[in-house]
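Please look through the sequence and the structure shown here, and keep both at hand while reading the report that follows.

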Amino acid sequence: GNSLPPGPLLRHILPITHKPELILHDYAKKYGPLFSVWMGQKLFIVISEPQIARDLLTNAGAIMSSRSPSLKNTTILHHRGITASKYDDRWRLHRRLGNYSLSIKAIDSYAHVLDYEASVFVHTLYAEGNKGAVSINPMRHAGRFAFNNMLTISVGTRSATDPMLERTLDLAMDSEFMELTGALCNETDFWPILEYLPNSKYKRAQALHNKIISIYGDVYNSIKTKIDNGEGVPDCLVRTLIESSEIEKLDWLDTCLLAAAFTMGGVHSTSGVIDWFLALIPLHPEVQRKAQEELDRVVGRERWPNAVDENNLPYIRAIIKEVERLHAPFWIPAPHCATEDYDYNGMFIPKDAVLILNCYTMHHNEERYPDPYTFNPDRFLGDNLTSEDSAKLLDPYARDHWAFGAGRRICPGMAVAERELFLAFSRILWSFNVLEDPKEPIDLGRYRGKAARTPLGYKVIFEPRHEKVHQMLAEIQETVVGVS
Ligand code: HEM
């Protein structure tokens, strides 16, 4: 007899717009922190408050952690690759296998890779920017940094030395995945009948699935052949999967899509945060100055920051958290799905309802984040927890932010992403004054990507800060030539 959470009177509406988060934000103001909205045949339950997120996604996680059929989950990823799996034994197994490569212990084993890629990234900004003489668009370089990290972890090679790996880079950089996988942008997700009518998005999704399988199938076959021939294959996710495929009962599609999950899930997200950082920081010279004072004081100018410095650079950590709050790559993270009917504080959440964590509203809550539209890293000073630890706090209002999602499906790549972001942000700020090009003003209001958002292309100047920068960067060489 309980009713659904409140929502717009007009049901079956379809607010597909470029910025669906703004519609959810308006609805949250109007209908409260837990509201419902029908879109086509799907019922969405939208969560805009930390305690409700904790109650539903964590405490009731046993029945609120599945993924519903959609263009992303069903057509592109065939309910695999961790992110699209239903909440079942396959998901448990795949998440456990993924964690072998993503746990803190695993990160220690490839810390040198992350360190090296961060050096190459900074060097590329320096070289392409002609030592600060010209402004450049850093976005592709940020993507390549995140891509090489993920590629090394998943297939054991850092860069495109052969056409096969070049195809994986093209796939990871292609925005088609991000355009087709937004939670509120595909009509077929709301009216499944549309699949059977001429539909360009459905065809694009099928083509994308075929492309992913073809590319990662080739990667799989090549690594398997090397293992079968007794050739050395570096320790990596795909090797682990191949070696354990019989015991773990993994089929070919499982392995391909697990390998793809790393480069598809861990590239646009991490590089997206870097893209927003590099677009924001030239507009906030006072933040840049404060970070550089901290770097000069703690690290000095004779060497650049390393992973061991992370705990001693609270302002850098605060900048990372503030970028993730103000420009979370996913305003609408991958929705969860209820597998049973549930009663919550007298409201009815039916089986198959889709649960959305309304990150935009949560990140702009005036009480939690005073003056929420302002970029102000100071608000995180005194918060010394990693985002991974912060997500485990008993008090959900004390959590830093919600950019990594919540509950049992929370991002398993948090720790590696945080390490990547620390190395990138701290080394860029140690090396350069990042300046706006007066001829090309930066516009933060517009972005692309219906799932992970990145700013529209922009250019900045990377002006070396001191003589040691030239010396350090002159010593960095790429060991394997990458693609541009
Ligand atoms: C700053 C960078 C990143 C952000 C902001 C981010 C954010 C997210 C979010 C919001 C989710 C959905 C959580 C939910 O369903 O509640 C997610 C899931 C996921 N992320 Fe990340 N992510 C980042 C980096 C990474 C990296 C580096 C990897 C490495 C492989 C990764 C792998 C995954 C996977 C596999 C899932 C699916 C988890 C599941 O469904 O069980 N992410 N991420």
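The residues of the shell around the ligand divide by character into 17 nonpolar, 9 polar and 2 charged, and this description, like everything below, rests on a predicted model. Among the 28 residues around the ligand, those that come nearest are G266, P333, G405, C411 and G413. Several helices take part in this shell, for α4 (89-102), α14 (252-265), α15 (268-280) and α20 (414-431) each supply at least two of its residues.

As for confidence, the mean pLDDT of the protein is 92, and 96% of its residues reach 70 or more. The predictor also assigns the complex an ipTM of 0.99 and a pTM of 0.95. Where pLDDT is low, the predicted coordinates should not be read in detail.

**Two helices**

The helices α1 and α20 can be set side by side in a table.

| Helix | Residues in the helix | Span from first to last C-alpha | Expected span |
|---|---|---|---|
| α1 | 12 residues | 16 Å | 16 Å |
| α20 | 18 residues | 26 Å | 26 Å |

Helix α20, one of those that supply residues to the ligand shell, is largely enclosed by the rest of the structure, because 16 of its 18 residues are buried.

Helix α1, which covers residues 20-31, has a buried side and a face turned away from that side. Which residues of α1 are buried? They are P20, E21, L24, Y27 and A28, and because they cover an arc of only 120° around the axis, they lie on the same side of α1. An α-helix has 3.6 residues a turn, so residues three or four places apart point the same way. The buried residues of α1 pack against the strands β1 (34-39) and β2 (42-47) and against the helix α18 (359-363), whereas the face turned away from the buried side carries the exposed residues K29 and K30. After α1 comes G32, a residue whose phi is positive, near 100°.

**Positive phi outside glycine**

Most residues other than glycine have a negative phi, and most peptide bonds are trans. N345 is not a glycine, and yet its phi is positive, about 45°; this residue is found in the loop between β4 (342-344) and β5 (347-349). Is N345 buried or exposed? N345 counts as exposed, because it has 9 C-beta neighbours inside 10 Å, and a residue is called exposed when that number is 12 or fewer. D352 likewise has a positive phi, of about 75°, although it is not a glycine, and its place is the loop between β5 and β6 (354-357). With 16 C-beta neighbours inside 10 Å, D352 counts as partly exposed.

**Two buried helix residues**

T124 belongs to helix α6 (residues 111-128), where it is buried, because 23 other C-beta atoms lie within 10 Å. Although T124 and H141 are 17 residues apart along the chain, their C-alpha atoms are separated by 7.3 Å.

R317, in turn, is part of helix α17 (residues 314-326), and R317 counts as buried because it has 26 C-beta neighbours inside 10 Å. What separates the C-alpha atoms of R317 and L385, which are 68 residues apart along the chain? The separation is 9.1 Å.

Note on methods. Residues numbered from 1 in each chain as written. Predicted model: local features only at pLDDT ≥ 70, side-chain atom pairs only at ≥ 80, totals over all residues. pLDDT = per-residue confidence, 0-100. Near = placed C-beta within 6 Å. Helix = DSSP H or I, 4+ residues; strand = E, 2+ residues; numbered from the N terminus. Nonpolar A, V, L, I, M, F, W, Y, C, P; charged D, E, K, R; others polar. Expected span 1.5 Å × (residues − 1). Buried ≥ 20, exposed ≤ 12 C-beta atoms within 10 Å, placed from the backbone. Arc of directions from axis to C-beta. Contact = placed C-beta atoms within 7 Å.
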